[in-house]
Amino acid sequence: MFERFTVQAREVVRGAVAARERLGHRNVGTEHLLLALLDEERSSVAGLLHEAGVDAARVTEAIDRKVGRDTEEFGDRDAEALRSIGIDLAAVRSKLEESFGEGALESPPSQPSRRGFFGGWDFSGGRFSPRARKVLELALREAVQLRHREIGAEHILLGLLREGNGLAALVLTEAGLDLAELRRRTLRAFDQAA
Amino acid sequence: MSQATDLAAAAGSTDPRVGLRAVLALRRLLERLEVVQVDNARRQGWSWQEIADALEVSRQGVHKKHAGRASARTQGGA
């Protein structure tokens with residue numbers, strides 16, 4: 001499936017992975033795809049989104065407000081949360097290190113998911129959330145419907161708008177954007193490019 | 001200790017954010033614990049079937065989840 005992505009669409013996907021890393025999130029979600037689409041160096045729809053009044057700083061702020069950052073994969077916030085239900089993470093860790101050596105608890109679990117077209121994608125940069133995978137599947141469907149041979153940044157944006165329920169869509173809606181109007185503008189961008 | 005008081009309050013909190021965050025942390029702990037113990041079982045020569053029985057899951061499930069990891073492969077194939 002990935003071979004039908006334009007160079008730019010691949011850049012957007014890589015940008016989403018990078019955004020996930022930057023924010024310290026576990027999975028690549030629709031919000032990270034949106035941040036990548038806003039990156040002018042990667043995406044031809046960045047200008048269109050900026051014109052509509054969306055910018056990366058604002059989106060990042062909205063994401064922070066909604067989900068916060070968790071830069072440590074298994075850090076203080078986890079320890080605190082576990083303490084709230086009576087589990088002493090330090091004690092668990094030291095028991096495990098007694099038996100299995102230092103850092104026994106540190107290995108990040110790998111949970112490959114292979115559902116759907118894009119289920120196997122990993123990019124060694126974290127997995128894609130079900131919604132983000134859905135966005136990429138919808139991008140493909142948009143391209144098929146439009147009889148486009150390749151999937152570009154525009155199709156990813158169309159997929160994002162069609163999915164409609166992810167954090168990205170929520171952020172856009174809360175910023176006062178009309179998703180249907182944004183969709184029309186994106187479709188018009190194709191006509192202008194053609 | 002004010003921190004202890006805060007935590008005691010958190011334990012009894014009905015705020016979904018606090019409760020759900022604990023669930024997330026517990027899931028992360030569970031995932032890590034499972035990795036540690038499955039790898040250990042493999043190192044000790046347990047078959048995937050034996051591990052699956054102990055975890056009360058399917059052999060296919062446990063194999064799919066863990067067999068790809070280098071440390072779980074050290075004892076050979078499934």
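A salt bridge is taken here as a side-chain nitrogen of Lys or Arg lying within 4 Å of a carboxyl oxygen of Asp or Glu. In the predicted model, Glu11(A), Arg14(A), Asp39(A) and Arg42(A) are joined by such contacts into a network. Over all chains, the structure holds 14 salt bridges.

Within this network, the pair Arg42(A) and Asp39(A) forms a salt bridge whose closest N and O atoms are 3.1 Å apart. Both partners have intermediate accessibility: Arg42(A) is partly exposed, with 21% relative accessible area, and Asp39(A) is likewise partly exposed, at 26%.

A further salt bridge of chain A is formed by Glu181(A) and Arg185(A), with the closest N and O atoms separated by 3.3 Å. Both residues belong to helix H10 of chain A (residues 179-193), where they are four residues apart, about one turn of the helix. An α-helix has 3.6 residues a turn, so residues three or four places apart point the same way. Glu181(A) is partly exposed, with a relative accessibility of 24%, and Arg185(A) is partly exposed at 31%.

In chain B, Glu31(B) is paired with Lys65(B) in a salt bridge, the closest N and O atoms being 3.1 Å apart. This pair links distant parts of the chain, since Glu31(B) lies in helix H2 (residues 16-43) and Lys65(B) in helix H4 (residues 59-66), 34 residues apart. The two partners fall into separate accessibility classes. Because buried residues are those under 20% relative accessible area, Glu31(B), at 9%, counts as buried. Lys65(B), by contrast, is partly exposed, with a relative accessible area of 23%.

Beyond the charged pairs, burial was examined at a loop position and in a helix of chain A. Ser129(A) is located in the loop between helix H6 (89-100) and helix H7 (130-145) of chain A. Ser129(A) is classed as buried because its relative accessibility is 14%, under the 20% cut-off. When residues up to four places away in sequence are not counted, Ser129(A) touches Asn27(A), Val28(A), Gly29(A) and Thr30(A).

Helix H9 of chain A spans residues 167-174, and its buried residues include Leu167(A), Ala168(A), Ala169(A), Val171(A) and Leu172(A). Just after H9(A), Gly176(A) adopts a positive phi of about 90°.

How values were computed. Residues are numbered from 1 along each chain as its sequence is written. Chains are lettered from A and ligands numbered from 1 in the order in which they are written. This is a predicted model: local features need pLDDT of at least 70, side-chain atom pairs count only at pLDDT 80 or more; totals for chains, interfaces and linings use all residues. Side-chain values use heavy atoms; hydrogens and water are left out. Helices (H or I, at least four residues) and strands (E, at least two) are DSSP runs, numbered from the N terminus. Buried means under 20% relative accessible area, exposed over 50%, partly exposed in between (1.4 Å probe, protein chains only). Contact means heavy atoms within 4.5 Å.
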